[in-house]
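Good morning, everyone, and thank you for making time for this short talk. Please have the sequence and the picture open in front of you, because I will walk through them slowly.

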Amino acid sequence: MELLYFADYGGAVGQDSNFDIKYCLINGTLPIELAGSLCKYFTGITINDTLTIYACTQYQVQVYNGAVFSELAGNVSSGGFADGTGSAARFKNLSNLACDNAGNIYATDTSNQNIRKITPSGVVTTIAGNGSSALVNGK
């Protein structure tokens with residue numbers, strides 16, 4: 001059985017206006033929401049090779065443990081810019097997530113013009129970008 005997971009920001013799929021993580025069978029079944037989200041405004045999703053699901057809102061990265069989503073980094077109601085651990089980190093308009101084989105998550109922090117790395121323990125560091133929208137090779 002193959003599943004497709006996606007962030008339904010804006011309620012584009014299904015008959016509701018919830019902004020949640022949903023999944024469906026590849027054969028075309030109707031979308032089903034994952035339970036237990038801290039927020040309904042998910043903007044991105046990634047799944048690592050151990051099938052752990054990570055999702056982001058505008059200001060926070062969350063991890064799904066099979067029953068509920070919990071905070072990994074950032075604050076669901078407070079944006080900004082700060083490297084740090086857990087809720088001390090700040091993001092502004094996260095839009096995409098990716099993961100590597102070491103369990104790290106990479107996030108596009110759109111309004112801060114940065115790429116951010118989040119370790120499995122929730123430590124956030126800026127790995128690319130300097131807050132400027134200029135096109136420059138390197139950090």
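Before I give a surface value, let me say that accessible areas here come from the Shrake-Rupley method with a 1.4 Å probe. On that basis, the accessible surface of the chain comes to about 7300 Å², and 53% of it belongs to carbon and sulfur atoms. Please keep in mind throughout that what you see is a predicted model.

Let me begin with the chain as a whole, which has 139 residues, 35% of them counting as buried. How many helices and how many strands does the chain have? There are zero helices and 12 strands, and if we look at contacts between residues at least 6 apart in sequence, 32% of these join residues at least 24 apart.

Now to the sheets, starting with the one made of four strands, which is open, has the order 4-5-6-7 and is paired in the antiparallel sense. At its edges are strand 4, residues 44–47, and strand 7, each of which pairs on one side only. Neighbouring strands in this sheet are turned against each other by 25° on average, if we ignore direction. To take one pairing from it, strand 4 and strand 5 are antiparallel and share four bridges, and here Gly 44 has Cys 56 of strand 5 as its bridge partner.

The other sheet I want to show you is also open and antiparallel, with five strands in the order 8-12-11-10-9. Strand 8, residues 84–85, and strand 9 each have a single partner strand, so one side of each is left without a neighbour in the sheet.

Let us stay with strand 11, residues 114–118, and ask which of its side chains are buried. The side chains alternate along the strand, with Asn 114, Arg 116 and Ile 118 pointing to one face and buried, whereas Ile 115 and Lys 117 point to the other face and are not buried. On one side, strand 11 is joined to strand 10 by five bridges, the two running antiparallel, and among the bridge partners are Ala 107 with Arg 116 and Asp 109 with Asn 114. These two strands form a hairpin with four residues between them, and Gln 113 in the turn has a positive phi of about 55°. Strand 11 also pairs with strand 12, residues 123–128, in the antiparallel sense over four bridges, and Arg 116 stands opposite Thr 126 there. This pair, too, is a hairpin with four residues in between, where Gly 122 in the turn has a positive phi of about 90°.

Finally, we come to the interior. In soluble globular proteins, nonpolar side chains tend to be buried together. In this model, the largest nonpolar core has 14 residues, and those that touch the most other members are Tyr 54, Val 61, Phe 91, Leu 94, Leu 97, Ile 118 and Val 124. Strands 5, 6, 7, 9 and 10 each supply at least two residues of this core. There is also a second, separate core of five residues, including Phe 42, Ile 53, Ala 55 and Tyr 64. Thank you for listening.

Technical notes:
Residues are numbered from 1 along each chain as its sequence is written. This is a predicted model: local features need pLDDT of at least 70, side-chain atom pairs count only at pLDDT 80 or more; totals for chains, interfaces and linings use all residues. Side-chain values use heavy atoms; hydrogens and water are left out. A nonpolar core is a set of buried Ala, Val, Leu, Ile, Met, Phe, Trp, Tyr and Cys residues joined through side-chain atoms within 4.5 Å. Buried means under 20% relative accessible area, exposed over 50%, partly exposed in between (1.4 Å probe, protein chains only). Contact means heavy atoms within 4.5 Å. Two strands pair if DSSP finds at least two bridges between them. Axes are lines fitted to C-alpha atoms, for helices over the stretch in contact, and angles run from 0 to 180 degrees between N-to-C directions.
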